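Got the viewer open and a hand on the selection tool? Let's take a walk through this one, stop by stop.

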Amino acid sequence: MSFGGALAAGKSVSFSHRNFHGCFENLYCNGINIINLAKRQKPQIYIMGNVSFSCSQPQMVPVTFLGSGSYLALHGSSGQDELSVSFQFRTWNKMGLLLSSNFHQYSGSLLLYLRDGKIKLNLFKLGKQQSDITAGVELNNGQWHSISLSAKRNHLSIMIDNDVTSVLHFVLPMQIYSGDIYYFGGCPNTSSDYECKNPFGGFQGCMRQISISNKVVDLISVQQSIFGNFSDLQIDLCGLIDRCLPNYCEHGGECSQSWNSFYCNCTNTGYMGATCHYSIYEQSCEAYKHKGNTSGFYYIDSDGSGPLGPFLVYCNMTDTAWTIIQHNSSDLTRVKSSNRENPHTVFFKYTANTEQLQATINHAEHCEQELAYHCKKSRLLNKRDGIPLSWWVGRTNETQTYWGGSLPDVQKCTCGLQGNCIDSQYYCNCDADRNEWANDTGFLSYKEHLPVTQIVITDTDRPNSEAAYKLGPLLCRGDRSFWNSASFNTETSYLHFPTFHGELSADVSFFFKTTASSGVFLENLGIKDFIRIELHSPAEVTFSFDVGNGPFEVMVQSPTHLNDNQWHYVRAERNIKEASLQVDQLPPKSQAAPVDGHILLQLNSQLFVGGTASRQKGFLGCIRSLQLNGIALDLEERAKITPGVDPGCPGHCSSYGNLCHNGGKCKEKHSGFSCDCSFSAYSGPFCLNEISAYFGSGSSVTYNFQEYYTLSKNSSSHAASFHGDMTLIRETITFSFRTTRTPSLLLYVGSFYKEYLSVTLAKNGSLQIRYKLDSHQEPDVFNSNFKNMADGQLHHVKINREEGVLFVEVNQNPREQVTLSSGIEFNAIKSLVLGKILENNDVDQETMKANSQGFIGCLSSVQFNHIAPLKAALHHTSSAPVTIKGHVAESNCGTLTGAESTLSETTHSFADHSGPIDEGEPLANAIRSDSAIIGGVIAVVIFILLCITAIAVRIYQQKSLYKKNETKRAENEDCTETALKSELTMQNRVNENQKEYFF
């Protein structure tokens, strides 16, 4: 330890600041007087340079005000028509009394204090405030500041920090005559308001160079009780502590302090808590998904409370959550004229740094990145002097010579592994070195080498030699730590891990589920220190620890029992300011740490999970996703070799099943769950995506129940319950619609016995429901209270029949009820029609009028019991018994406002879909189509080139090329330079369309 400068034995050390020049006094270290040892030339003291044991500079005696009871009372000359007071002060507090004094014969008083870090001066006359003066700013920054106050008769001036250019002058409405006592920093407890005013609390900090009537006060004389009076002061010492050095605010938090504590401003850091320790973002897209979030842009923090910061990704929520990280060069790029001496080298910069990428990849279950390489007389692996002609570099900065779809160390392309290269002598299509276009394209999926950071191409300098490459975004799915779990089967079983090191900040988070009433989740011991989290009772979780100040405990009491065999979340944090505990979404509980107590948590034993070192109070149940300071512990791997503990824990649907909406069924998976939307009118990972369609004039969708029974009577499908002999005594129907046309037929269900149900809009736009459950009676008619529903707005309808009672709910308004008289049984239903009935049916006149117009508008999320006819028509045409007539176009009209819906009516036409849409595929679906599109484009271009006679004709034909490329596909490419230009143009257009559609 050195004072006044720095010394490194045997080394030359350079510092940005010069050594100290001035005086030290009262220099102590751990109670040892350093100056005294130096004077006595003790061997442990080494003196370098010119050091003397006298100080020629004027001595400044500071005084420390320790608390609210501190004050310094000094006498002055009473009855003078002028007043002069000056002093220096330093403090961290925003508020506190600096000076209070009464004028001669109590004719008035002066009050000088700090408020919000500014100087405030109040003058009183006979108890009434006469003036309010403000000066200075941020004077509570811990530095020395000076204040000089002078007054003569009714003129007053105040100067801050000896800045003569900013002296404030005031003319007062009163004459000032000095009093006999000046109170600095506070008031005596025995004084009255007439003697000393202190409405703002005592000053905590230091003062020095106090001067009254231009005479410097000898504070040593005050200390010796020769002059003045004081209480709770430290004289000849400034005991102000800089509590922001070192700065315990983490992750860039801004530190500020008061006399006895410090505070962290975590704004815009991405972290929260007393020391900005805990991340406000989830660690993965998987975690966002299981909070019910849908696809979109999210910040993720891969190491939680660790040193890595958050970064922005796109989360594609499918059956699994895909994390998509883009880079700066995603276009198809052509390369010419490159060789060994002048290689083409491209570097890829991602939206995350290397450490963030590595953490994300390590967390993921699987990662991949598509690398497409198109070539004409441009080789990949053909070696010259033992060095490949082209290569790429991954995250580890190692050169890689295997290409998309291949494996490390084999130096082959996909075709080489599959044995279908265009020339069997080579392991890559491009190595055939043909004067025609070929490609080696595929996905790189070896996580340790991802992502691609550099591509080097050296073989495009020969005649007709050319290459083109494209690198897709980094795609990662899943989160290995989120579902990592262990089952503790006996009270004596536990897992042990290395000692937990969280000396200054420690956070622990995990999920648990149990049926036991108590048990210890984890424990780590030191010589005296310890940390423990346990289920203390069925509704109580406690977090206890000791860092040398005695045991502390934070407890959260749940209003419901936690031993319900469902997943519950626990997060505990301990730092030098406080300890906090949160359970599920309950309000967190916290307890402040003692001021100036021990701060280091020192542990030395193994960390026990699911039990204790004494093997008592063990935990029975499951623990999942255990993380300590952002680092996940691999519970499953340790459980594989531990008796009484099993890796994994089934039963996620009991906790997460509520994320499956609109009739979706939760399905258990080894790592998590998925929502089965088979019998829901919705789609998406949580069955939340509305399936809507725009119906044109005369169009219809017919779902045939009898046909479905015929096709599936030997299967286990629920739809097999509908058949010709089936009698329904209840049904539930839900749908949404939007239209401006009346009359309209929205929905019709017919039977083989001339019984039917029709839902129509009458001429005036009111909703009408007709049930004819007896072929010999007139139908029952229900009229909604809504007068006009053909207003272009989206309306939601729910119809529920229980035998002879009909319940109707419109737009979540109070449910209406009517009793049917035509019967209670709906016999032998045949089909359900949306839009126009195309068959001849015996229906009432009003239904016939509505049917003559059909339906023009939007229908969305149509559900009949467990059948979703509109979803079947749009997504499962080949397998479902659905007939579509006229123009029916899938649209997002069910989620847009009325004005926007017209813009979407022609989008995603049903006729444009070549097959069912698989929502379970990530963005990689769009990327994988590039090769097929390129092949199709090239095949079309070959045909066009045969017809080209002039440049103008060629340009005209390229305009129609895009419309044709969807129907053309080919495996072999053959193209000239002009064809590649067309290919690049079309490729860019297709890619842009795919990106817009995805986002």
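What follows is a short tour of a predicted model, with something to select at each stop.

**Stop 1: the start of the chain**

Select Met1, which sits in the segment before β1 (28-29). Is Met1 buried or exposed? Met1 counts as exposed because its relative accessibility is 81%, and the cut-off for that label is over 50%. Now add Phe3, Phe20 and Phe24 to the selection: together with Met1 they make a nonpolar surface patch of about 480 Å².

**Stop 2: a salt bridge across the sequence**

Next, pick Asp81 and Arg153. Their side chains meet in a salt bridge, with N to O at 3.5 Å. The pair links distant parts of the chain, 72 residues apart: Asp81 is in the loop between β4 (71-75) and β5 (82-90), and Arg153 is in strand β10 (residues 145-160). Asp81 counts as partly exposed at 24% relative accessibility, and Arg153 is also partly exposed, with a relative accessible area of 42%.

**Stop 3: Ser305 in its loop**

Jump to Ser305, in the loop between β21 and β22. Relative accessibility here is 7%, so Ser305 counts as buried. What does the side chain of Ser305 reach? Draw a distance to the backbone nitrogen of Gly630 and you should get 3.5 Å. Then show what surrounds Ser305: leaving aside neighbours within four places in sequence, Ser305 is in contact with His251, Tyr271, His277, Tyr278, Asp507, Asn629 and Gly630.

**Stop 4: helix α4**

Select residues 354-363, which is helix α4. Which residues of α4 are buried? Colour Gln356, Leu357, Ala359, Thr360, Ile361 and His363. Now bring in the cover over those buried residues, which includes strands β21 (296-300), β22 (311-317), β23 (321-325), β26 (366-376) and β32 (474-477). Before leaving, zoom in on the N-terminal end of α4, where Asn353 acts as the cap: a side-chain oxygen of Asn353 lies 3.2 Å from the backbone nitrogen of Glu355.

**Stop 5: more salt bridges**

How many salt bridges does the structure hold? The count is 18. For one of them, select Asp433 and Arg462, whose closest N and O atoms are 2.7 Å apart. This pair, too, links distant parts of the chain: Asp433 is in the loop between α5 (414-418) and β29 (438-444), Arg462 in the loop between β30 (454-457) and β31 (466-471), 29 residues apart. Arg462 is partly exposed, at a relative accessible area of 25%. Add Arg379 and Asp459 to the view, and you have a network of salt bridges linking them with Asp433 and Arg462.

Then move on to Arg532 and Glu523, another salt bridge, with the closest N and O atoms 2.8 Å apart. Glu523 counts as buried because its relative accessibility is 5%.

**Stop 6: helix α9**

Last selection: residues 845-853, helix α9. The buried residues of α9 are Thr847, Ala850 and Asn851. They cover an arc of only 100° around the axis, which means they are on the same side of α9. In general, an α-helix has 3.6 residues a turn, so residues three or four places apart point the same way. The cover over the buried residues of α9 includes β55 (744-751), β56 (756-761), β57 (767-772) and β63 (829-835).

Check both ends before you close the session. Asp844 caps the N-terminal end of α9, with a side-chain oxygen 3.2 Å from the backbone nitrogen of Glu846. Just after α9, Gly854 takes a positive phi of about 70°.

Key:
Residues are numbered from 1 along each chain as its sequence is written. This is a predicted model: local features need pLDDT of at least 70, side-chain atom pairs count only at pLDDT 80 or more; totals for chains, interfaces and linings use all residues. Side-chain values use heavy atoms; hydrogens and water are left out. Buried means under 20% relative accessible area, exposed over 50%, partly exposed in between (1.4 Å probe, protein chains only). Helices (H or I, at least four residues) and strands (E, at least two) are DSSP runs, numbered from the N terminus. Contact means heavy atoms within 4.5 Å. A polar contact is a pair of N or O atoms within 3.5 Å; within protein, one must be able to donate a hydrogen and the other to accept it, and residues adjacent in sequence count only if both atoms are side-chain atoms. Patches are made of residues with over 30% relative accessible area and no salt bridge: like charges are joined within 9 Å, nonpolar side chains (Val, Leu, Ile, Met, Phe, Trp, Tyr) within 5 Å. Accessible areas come from the Shrake-Rupley method with a 1.4 Å probe; for residues, only the protein chains shown count as cover. A salt bridge is a side-chain nitrogen of Lys or Arg within 4 Å of a carboxyl oxygen of Asp or Glu. The arc is that of the directions from the helix axis to the C-beta atoms.
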